[in-house]
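Reader: I am in my first year of study and should like to look closely at one part of this protein. Could you please take me through one helix and its surroundings in a connected account?

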Amino acid sequence: DSPAAILFAENCAACHGDGGTGGLLTGAPALTDHSVLYGQDEAAILSTLRHGRRGIMPAWSQRLSPAEINLLAFYVSTLPEAKP
């Protein structure tokens with residue numbers, strides 16, 4: 001697995017599922033299609049990772065380095081392309 005995939009698995013998959021497929025039980029949206037509520041472009045993903053969303057999606061700026069956040073944003077932005 002790539003460093004980005006490992007970072008995603010360690011920090012995001014618990015809510016967003018393996019490969020970003022989403023989770024009905026946690027209420028986390030799928031990240032594998034373009035209908036994501038706040039958009040799927042890298043700028044929107046960076047904002048979400050840094051600042052969180054409405055108290056549900058946590059802000060990661062205190063937990064991950066700027067480089068890790070950038071890597072995750074790029075990885076998440078490519079998930080729709082990787083969808084079979």
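**A close look at helix α1**

Author: The face of α1 that is turned away from its buried side carries the exposed residues P3 and E10. This description, like everything that follows, rests on a predicted model.

The buried residues of this helix are A4, A5, L7 and F8. Viewed down the axis of α1, these buried residues fall within an arc of 160 degrees, and they therefore line one face of the helix. The exposed P3 and E10 are carried on the face turned away from them.

Let us now set α1 in its context. The protein has 4 helices and 0 strands, and its elements run α-α-α-α from the N terminus on. Of its 84 residues, 37% count as buried.

Among the buried residues of α1, F8 deserves particular attention. A pair of aromatic rings is described by the distance of the centres and the angle of the planes. For F8 and Y75, the centres are 5.5 Å apart and the planes are at 50 degrees to each other, which makes this aromatic pair tilted. The count of aromatic pairs in this model comes to 1. F8 belongs to helix α1 (residues 3-11) and Y75 to helix α4 (residues 66-82), so the pair ties together parts that are 67 residues apart in sequence. Both F8 and Y75 are buried.

F8 also has a contact with helix α2 (residues 13-16), where H16 has its place. Leaving aside residues up to four places away in sequence, H16 touches F8, T21, G22, A28, P29, L31 and M57. Is H16 itself buried or exposed? Its relative accessibility is 10%, and because buried means under 20%, H16 counts as buried.

The account may be widened to contacts across the whole protein. Among those between residues at least 6 apart in sequence, 43% join residues at least 24 apart. The pair of F8 and Y75, as noted, ties together parts 67 residues apart.

Two further details complete the view beyond α1. The charged end of R63 sits over the ring of W60, at 4.8 Å from the centre of that ring. As for the surface, the protein exposes about 5300 Å², of which carbon and sulfur atoms supply 58%.

To return to the helix with which we began: A4, A5, L7 and F8 are its buried residues, and P3 and E10 are exposed on the face turned away from the buried side.

How values were computed:
Residues are numbered from 1 along each chain as its sequence is written. This is a predicted model: local features need pLDDT of at least 70, side-chain atom pairs count only at pLDDT 80 or more; totals for chains, interfaces and linings use all residues. Side-chain values use heavy atoms; hydrogens and water are left out. Rings of Phe, Tyr and Trp (its six-membered ring) pair if their centres lie within 6.5 Å; planes under 30 degrees apart count as stacked, over 60 as edge-to-face and the rest as tilted. Helices (H or I, at least four residues) and strands (E, at least two) are DSSP runs, numbered from the N terminus. Buried means under 20% relative accessible area, exposed over 50%, partly exposed in between (1.4 Å probe, protein chains only). A charge sits over a ring if NZ of Lys or CZ of Arg is within 6 Å of the ring centre and within 35 degrees of the ring normal. Contact means heavy atoms within 4.5 Å. The arc is that of the directions from the helix axis to the C-beta atoms. Accessible areas come from the Shrake-Rupley method with a 1.4 Å probe; for residues, only the protein chains shown count as cover.
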